[in-house]
Amino acid sequence: MPNYRRWRRAGSTFFFTLALERRGSGLLVAEIARLREAFRRTQAERRFSLDAVVVLPDHLHAVLTLAPGDADYATLWRLVKTRFSHGLPMGSRRPSHLARGERGLWQRRFWEHLVRDEADYAAHVAYCWANPVKHGLVGNPMDWPYSSLHRDHRLGLVPPEWQGIWPEGPFGE
């Protein structure tokens, strides 16, 4: 197994990708209220800032800033995943899921990227906003209902080029 090292920086901003165990599932959007509640409860407890998020049928991307003094994003995601999964039917579980008491709904790992500067931050927020178009779910990011793009638009934080138009160019990773 590779010797993978995760960044642990309290109060830092990270980009994350989390996926369901069963790719192709529509569970995240079918249970969007459950996912929103899981985020709400975890955010009240952990006090992180959810800077950008997009929820797709089988995975999500998020840019979040940890609270000052908090570097434990693994526990944050464990709480979101557990709270979302509670009360849902079990997924197909392997012996390793059974041994760990997991429900088999989420992929065990997640991908994280430490956001290094303003340009990196803007690129990862844009990646979240553009992802539904990338996956062919909509033709325009504003047409995807499960995105922080709408919140940021209401708050006047969306640059003019994102207000109903998908700008050209590479976004994110």
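**Exercise 1.** In this predicted model, state which residue just after α3 takes a positive phi.

*Solution.* Go to the stretch that follows the helix. Gly87, just after α3, has a positive phi of about 90 degrees.

**Exercise 2.** Check the length of helix α3 against the expected span at 1.5 Å a residue.

*Solution.* Step one: α3 covers residues 73-85, which is 13 residues. Step two: the expected span is 1.5 Å times one less than the number of residues, so the helix should span 18 Å. Step three: the end C-alpha atoms lie 18 Å apart, in agreement with that value.

**Exercise 3.** Determine how many residues of α3 are buried, and which elements they pack against.

*Solution.* Step one: apply the cut-off for buried, under 20% relative accessible area. Step two: ten of the 13 residues meet it, leaving α3 mostly covered; among them are Tyr73, Trp77, Lys81, Arg83 and Phe84. Step three: list the partners. The buried residues pack against the helices α1 (27-30) and α2 (32-46), and against the strands β1 (13-19), β3 (59-65) and β4 (111-114).

**Exercise 4.** Give the strand order of the sheet, name its edge strands, and place α2 and α5 on it.

*Solution.* Step one: the four strands run in the order β2-β3-β1-β4, forming an open sheet with antiparallel pairing. Step two: β2 (49-55) and β4 each pair on one side only, which makes them the edges. The twist from one strand to the next averages 15 degrees. Step three: β1 and β4 are joined by four bridges, and Thr17 stands opposite Trp111 in β4. Step four: α2 lies across β2 and β3, at about 165 degrees to β2. Helix α5 (residues 118-134) lies across β1, β2, β3 and β4, at about 155 degrees to β3.

Terms used. Residues numbered from 1 in each chain as written. Predicted model: local features only at pLDDT ≥ 70, side-chain atom pairs only at ≥ 80, totals over all residues. Heavy atoms only, no water. Helix = DSSP H or I, 4+ residues; strand = E, 2+ residues; numbered from the N terminus. Buried < 20%, exposed > 50% of the residue type's maximum accessible area, 1.4 Å probe, protein only. Contact = heavy atoms within 4.5 Å. Pairing = 2+ DSSP bridges. Axes fitted to C-alpha atoms, helices over the stretch in contact; angles between N-to-C directions.
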